[in-house]
Amino acid sequence: MYNFIFHNPTTILFGKDQITNINGYVPADAKVLITYGGGSAKRNGVIDRVKNALGNREVLEFGGIEPNPHYETLMKAVEVIRTEGITFLMAVGGGSVIDGTKFISLASFYNRDATDLLKFGFQSITHEVVEKVLPIGVVLTLPATGSEMNDGAVISHGKGKFPVMSSMVYPKFSVLDPTITFTLPAKQVANGIVDAFVHTAEQYITFPVDARVQDRMAEGILQTLIEIGKINVEQPDNYEARANMVWSATMALNGVIAAGVPQDWATHMIGHELTALFGIDHGQTLAIIYPAVLAEMKAQKQAKLLQYAERVWNIISGSDDEKIELAINKTRDFFESLGIKTHLSEYGVEASAINDVVAQLEAHGMTALSETGKITLDVSRKILERAF
Ligand code: NZQ
Ligand code: ZN
């Protein structure tokens, strides 16, 4: 197991009606800006419930944060914060709203060109760069990204999606009420299951470092998602199934299973280019790319793929190669059982566009991906061809 430092400061308020408890976690004299997306949180009454829970505090709203949040939109919120003297941000939404709010928080006290903040990649933005941020509270409406309990965001700018990390923007608290997610369309539920699954797998199907707790927790999350995936898509108001989905998605990317282990992230980096170029949903891009990454990187990932086949899918007969092959096929079948197509060609993309994706990977410095850095541009091209 590698050395690690683990700290996660986010308080989780899990379960029905937990919105009513946010009063205890927001300063009494706070001037609050509620940030939200295209309007689902308005229509289903969640924003009104948040306002009620905030009582007498002064509350303003900023809506219109789009999926894959855009820099320009977020900078409009920064203007509101500066003119109104906002002291607390309440993000009500899925990964895009939460990520966008983290960026707003960082940019609000950054007095130079805020596109600078998109250039740090996976390097954490520290106090030396941004002296101060606005505290963030979250009401999660879409279980998928884990953004409700982590220090990351992904921001769209021009033709790219840029990771932004900072330990200063962990939410102070996050409300995880599964009933708030009942209004999600089936497509978003399926996307969320795939996102949580691939987050877990990208921290697990790498190479062994004898991290037994992390491995078994990852296997537990993957098996849970396999058990409850289809139920969540087909029964949107099944509380127990949704509660397990919500907690799986949070645990998949809050740092617990990442501690002390190698991490891959190639699928996410290639997937981000597919979203930026073709507008394919984040979860869909992962369902397209991940089976192809596993197949292409079979030799590098052999030991963990075998462990995955045996422990997650209970594949106990056949040669090692046959077990691995079957596990990869079962992974793809699982994504498809949720209603997600797993080939790039099924999203109206032409084969010639693979060149554009590779060019964007190069432009963004994504030339040595995966847990070993061995996914060069040539290997990414092979992965995209397999995924086509
Ligand atoms: O905008 P509204 O009207 O709210 O509709 C949203 C949006 O259209 C809708 N929705 C959300 N909650 C709903 C709902 N509709 C009905 N009822 C509800 N309760 O769902 C649509 C998609 O929302 P979005 O927030 O974009 O989805 P998701 O949570 O999948 O977030 C995707 C974004 O997160 C980034 C992705 O790159 C992408 O930009 N990621 C962030 C990560 C992180 N911070 O750690 C890691 C991830 O790997 C990911 O890259
Ligand atoms: Zn993801």
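Begin with the aromatic rings of this predicted model, in which the count of aromatic pairs, taken at ring centres within 6.5 Å, comes to eight. Select Tyr 71 and Phe 103 for a look at one of them: the ring centres are 5.8 Å apart and the planes stand at 65°, and because an angle over 60 degrees counts as edge-to-face, that is the class of this pair. The two residues come from distant parts of the chain, since Tyr 71 belongs to helix α3 and Phe 103 to helix α4, with their positions 32 residues apart in sequence. If you switch on a surface, expect both Tyr 71 and Phe 103 to be buried.

Next, select Phe 197 and Phe 334, whose ring centres are 5.4 Å apart and whose planes meet at 45°, so that this pair is classed as tilted. Here too distant parts of the chain are linked, with Phe 197 in helix α5 (residues 186-202) and Phe 334 in helix α11 (residues 320-337), 137 residues apart. Both Phe 197 and Phe 334 are buried. Before leaving the rings, select Tyr 25, Phe 88 and Phe 173 together, which ring pairs link into a cluster.

Now widen the selection from the rings to the helices that carry them. Display helix α3 (residues 71-84) with helix α4 (residues 95-108), and you will find them packed at an angle of about 50°, their axes 9 Å apart; that angle makes α3 oblique to α4. The crossing of these two helices, α3 and α4, is right-handed. To see what makes the contact, show the side of α3 with Tyr 71, Leu 74, Met 75, Ala 77, Val 78, Ile 81 and Arg 82, and the side of α4 with Gly 100, Phe 103, Ile 104, Ala 107 and Ser 108. Coloured by class, the residues in this contact of α3 with α4 are nine nonpolar, two polar and one charged. The edge-to-face pair visited at the start, Tyr 71 with Phe 103, thus has both of its members in the list of contact residues.

Move on to α5 and α11, which pack at an angle of about 155° with their axes 10 Å apart, and which are therefore roughly antiparallel to each other, the cut-off being over 145 degrees. This crossing of α5 and α11 is again right-handed. The residues to select are Ile 193, Val 194, Phe 197 and Val 198 on α5, and Thr 331, Phe 334 and Phe 335 on α11. They divide into six nonpolar, one polar and no charged.

Keep α5 on screen and replace α11 with helix α6 (residues 212-234). The helices α5 and α6 pack at an angle of about 170°, with their axes 10 Å apart, and they are therefore roughly antiparallel to each other. On α5 the contact is made by Ala 186, Val 189, Ala 190, Ile 193, Ala 196, Phe 197, Thr 200 and Ala 201, and on α6 by Ala 218, Ile 221, Leu 222, Leu 225, Ile 226, Gly 229, Asn 232 and Val 233. By class, these residues of α5 and α6 are 13 nonpolar, three polar and no charged.

While helix α6 is displayed, pick out Asp 215, which is placed in it. At 10% relative accessibility, Asp 215 counts as buried. Beyond its neighbours within four places in sequence, Asp 215 is in contact with Tyr 204, Lys 304 and Gln 307.

From there, step back to Asp 210, in the loop between α5 and α6. Asp 210 counts as exposed at 51% relative accessibility, the cut-off being over 50%. Its backbone also deserves a glance, for phi of Asp 210 is near 55°, a positive value in a residue other than glycine. Most residues other than glycine have a negative phi. Select Asn 68 as well, which likewise is not a glycine and has a positive phi of about 55°; Asn 68 lies in the loop between β3 (58-62) and α3.

Finish at Val 130, in the loop between α4 and β5 (136-140). At 0% relative accessibility, Val 130 counts as buried. Setting aside its neighbours within four places in sequence, the residues in contact with Val 130 are Leu 106, Tyr 110, Leu 117, Ile 125 and Met 168. For a sense of scale, draw a distance from Val 130 to Ile 65, C-alpha to C-alpha, which spans 23 Å in space, with their positions 65 residues apart in sequence.

Technical notes:
Residues numbered from 1 in each chain as written. Chains lettered and ligands numbered in written order. Predicted model: local features only at pLDDT ≥ 70, side-chain atom pairs only at ≥ 80, totals over all residues. Heavy atoms only, no water. Axes fitted to C-alpha atoms, helices over the stretch in contact; angles between N-to-C directions. Helix = DSSP H or I, 4+ residues; strand = E, 2+ residues; numbered from the N terminus. Parallel < 35°, antiparallel > 145°, perpendicular 65-115°, else oblique. Left-handed = near helix turned anticlockwise from the far one by under 90°. Contact = heavy atoms within 4.5 Å. Nonpolar A, V, L, I, M, F, W, Y, C, P; charged D, E, K, R; others polar. Phe/Tyr/Trp six-rings, centres within 6.5 Å; stacked < 30°, edge-to-face > 60°. Buried < 20%, exposed > 50% of the residue type's maximum accessible area, 1.4 Å probe, protein only.
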